[in-house]
Amino acid sequence: MLQTLERADIESINFGGFDSPVIEVRGYQNYDLTADTITAIANPTSLRPWTDTKIKSELFQTILDTVQPKTYSDFGSNLGYYVFHAAMQGISSTGVDYNKEYTHVCQCLTSRLDIGQTTWFHSNLQQWSRSASRYDLVTVFNVIHHLYNRTEEYRNMDKLVSGFRNKGTVVLFEFPTERDKKGYKWTMDTDYTQELFEEMIEKHFSEWVMMPGQTTERPYYLCYA
Ligand SMILES: C[S@@+](CC[C@H](N)C(=O)[O-])C[C@H]1O[C@@H](n2cnc3c(N)ncnc32)[C@H](O)[C@@H]1O
């Protein structure tokens, strides 16, 4: 049984009545979904200034164009934006989140619109690591700071990075550094640093590149096994 530390960050899910073709999803991720389209929405409020689904979606599409994965998994998949986005392009896509509110909502959206190519797992990294599944591309957006000493207790960057390395041929991290407000809050009193993270991706991947993030405190790292 996974212990969830907070309720899901969902503002509204507007199904629009029985004959509406569009579902409007608003919360930590913001988008409109139909049976065969997904439209990212720019941050509709001043909440969560470090993340904007529309901006991240553009970066994500350039990564899909570069990597051209056949299989994809988003760890910490939240309201499912990136999983639906990839699935709409025929990529077999899996969302993993430890909060079953998120995975159940995503399953409900999938069922209502009969969307193919998606699978939703209610799991955390420790459990997911025990399964043999591997993917051409894995994304780890804004979640690694939670795993360190909060929703899981890795407290070990080596083990954490190698856990993701074992799941993906290419892994894209969005890494909240110790200079980020939440990065600091959730990892203080541990050895969590950007420098240690870079040491460990150097150890576990054969090639990696850092890219600017949505804030300077949350860069991306594209890592090749
Ligand atoms: C800050 S949100 C980021 C959401 C999404 N990755 C994004 O960047 O748009 C963190 C997400 O990770 C999930 N999460 C936190 N700890 C987790 C864990 N140990 N295993 C799986 N998911 C986790 C939360 O439920 C939430 O959906």
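The shell around the ligand is made up of eight nonpolar, nine polar and two charged residues. Here Ala, Val, Leu, Ile, Met, Phe, Trp, Tyr, Cys and Pro count as nonpolar, Asp, Glu, Lys and Arg as charged, and the others, Gly among them, as polar. A word on the model: it is predicted, with local features needing pLDDT of at least 70 and side-chain atom pairs counting only at pLDDT 80 or more, while totals for chains, interfaces and linings use all residues. Residues are numbered from 1 along each chain as its sequence is written.

Back at the ligand, 19 residues surround it, and Gly 76, Tyr 98, Asn 124, Phe 141 and Thr 151 come nearest; a residue is near if its C-beta atom, placed from the backbone, lies within 6 Å. Two elements each supply at least two residues of this shell: strand 6 (92–97) and helix 5 (144–149). Helices (H or I, at least four residues) and strands (E, at least two) are DSSP runs, numbered from the N terminus.

Now for the chain as a whole:

| Feature | Value |
|---|---|
| Helices | eight helices |
| Strands | 11 strands |
| C-alpha span along principal axes | about 50 × 35 × 35 Å |

What lies inside? Of the 225 residues, 40% count as buried, meaning that 20 or more other C-beta atoms, placed from the backbone, lie within 10 Å of a residue's own. In contact terms (C-beta atoms within 7 Å), Cys 223 touches Val 170, Val 171, Phe 173, Ile 201, Phe 205 and Trp 208, leaving aside residues up to four places away in sequence.

Conventions
Buried ≥ 20, exposed ≤ 12 C-beta atoms within 10 Å, placed from the backbone. Contact = placed C-beta atoms within 7 Å.
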